[in-house]
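This report introduces a protein structure to a reader who has not met it before. The sequence and the structure are shown first, and the description follows.

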Amino acid sequence: MLTLAKVAVTGGIASGKSTVTSFFQKFGAYVVSADQIVHQLLSSNTALVKQVISLLGEQILHNGCIDRKKIADAVFSSPELLQKLQALIHPLVASEIKRQWEEARQKQYPLFVAEVPLLFESGQDKWYDATIAVICPEAICSGRFAGYKERAAQQYTQAEKAKKADFIIENMGSLEELEAKVASLYTLLLSRRKS
């Protein structure tokens, strides 16, 4: 039996990563999102929640629950706090992605695709068989996301991500064009798996 290929999609803020992974899902891939895992962990993992409150203080709570916007406000002005938060979260996210990969492997999916925004920054790229960087002009990204510059400053640039990735998808046209690019890459990745 062929081992289920592991593909990571990354890219800058508002570059179109989620749209690309949704197309992979449409074509039949098992898709997982690091951001969704973080959301689930902060809703259900009480040990992590306690650690995050201990690190950032109770001002990140809203009605007794963690407010992700308040976390963002607290850490994006402090690289040191951001680093400490990521040190708590990244290993748990990587572990859950691996668990889901094992699950997908049993179900005979053609491809496993994980959307991991901080793929290279967290050093998780080594685990994947192929990495894809979604890139998009900064003017478009900043128009899509308020506070783009502050957040983007905490990550590798799009050019750095593109340089490290095995494949690049340029997202600067229509949705149809983007879907066509994902479709051809999906076919290529499947053919590599079979060879």
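## Strand E5 and its neighbours

In this model, which is predicted, Lys6 stands opposite Phe112 in strand E5. The strand that holds the first of these contacts is E1 (residues 6–11), and 4 bridges join E1 to E5 in a parallel arrangement. Further along, Val9 is placed opposite Glu115 in E5.

Strand E2 (residues 30–33) is also joined to E5 by 4 bridges, and these two strands run parallel. Ser33 has Glu115 as its bridge partner in E5. Glu115 thus appears in two pairings, standing opposite Val9 and serving as the bridge partner of Ser33.

The side chains of E5 point in two directions: Phe112 and Ala114 one way, Val113 and Glu115 the other. In a regular strand, side chains alternate between the two faces of the sheet. Phe112, Val113, Ala114 and Glu115 are all buried.

## The sheet as a whole

Which order do the strands of the open sheet follow? The 5 strands are arranged as E2-E5-E1-E6-E7, with parallel pairing. E2 and strand E7 (167–170) stand at the edges; each has a single partner strand, so one side of each lacks a neighbour in the sheet. On average, neighbouring strands of this sheet are turned by 25° against each other, direction ignored.

Helix H2 (residues 34–44) packs on the sheet, where it touches E2 and E5. The direction of H2 makes about 55° with that of E2.

## Helices H4 and H5

Helix H4 (residues 68–75) and helix H5 have axes that come within 7 Å and cross at roughly 130°. That angle makes H4 oblique to H5. From H4, the residues Ile71, Ala74 and Val75 meet Pro79, Leu81, Leu82 and Leu85 of H5. What classes of residue make up the contact of H4 with H5? The contact has 7 nonpolar, no polar and no charged residues.

## Salt bridges within helix H5

The whole structure contains 10 salt bridges. One of them links Glu80 with Lys84, whose closest N and O atoms are 3.3 Å apart. Why are Glu80 and Lys84 separated by about one helical turn? They are 4 residues apart in helix H5 (residues 79–106), which means that about one turn of the helix separates them. Glu80 is exposed, with a relative accessible area of 52%, whereas Lys84 is partly exposed, with 42%.

Arg99 and Glu103 also meet through their side chains in a salt bridge, at 2.9 Å from N to O. Both lie in helix H5, 4 residues apart, which is about one turn of the helix. Arg99 counts as partly exposed at 42% relative accessibility, and Glu103 is likewise partly exposed, with a relative accessible area of 31%.

## A salt bridge between distant parts of the chain

Lys161 forms a salt bridge with Glu121, and the closest N and O atoms are 3.1 Å apart. Lys161 belongs to helix H8 (residues 158–164), while Glu121 sits in the loop between strand E5 (112–115) and strand E6 (130–135), so the pair ties together parts that are 40 residues apart in sequence. Are these partners buried or exposed? Lys161 is buried, with a relative accessible area of 0%, and Glu121 is partly exposed, with a relative accessible area of 26%.

Salt bridges that share partners also join Glu96, Arg99, Glu103 and Lys107 into one network.

## Cys141 and its surroundings

Cys141 is located in helix H6 (residues 138–144). The residue is buried, with a relative accessible area of 0%. Which residues are in contact with Cys141, leaving aside its neighbours within four places in sequence? They are Ile13, Ala14, Ser15, Cys136, Tyr148 and Gln158.

Between Cys141 and Glu96 there are 29 Å, taken from C-alpha to C-alpha. Along the chain these two residues are 45 residues apart.

Technical notes: Residues are numbered from 1 along each chain as its sequence is written. This is a predicted model: local features need pLDDT of at least 70, side-chain atom pairs count only at pLDDT 80 or more; totals for chains, interfaces and linings use all residues. Side-chain values use heavy atoms; hydrogens and water are left out. A salt bridge is a side-chain nitrogen of Lys or Arg within 4 Å of a carboxyl oxygen of Asp or Glu. Buried means under 20% relative accessible area, exposed over 50%, partly exposed in between (1.4 Å probe, protein chains only). Two strands pair if DSSP finds at least two bridges between them. Axes are lines fitted to C-alpha atoms, for helices over the stretch in contact, and angles run from 0 to 180 degrees between N-to-C directions. Angles under 35 degrees count as roughly parallel, over 145 as roughly antiparallel, 65 to 115 as roughly perpendicular and the rest as oblique. Contact means heavy atoms within 4.5 Å. Ala, Val, Leu, Ile, Met, Phe, Trp, Tyr, Cys and Pro count as nonpolar, Asp, Glu, Lys and Arg as charged, and the others, Gly among them, as polar.
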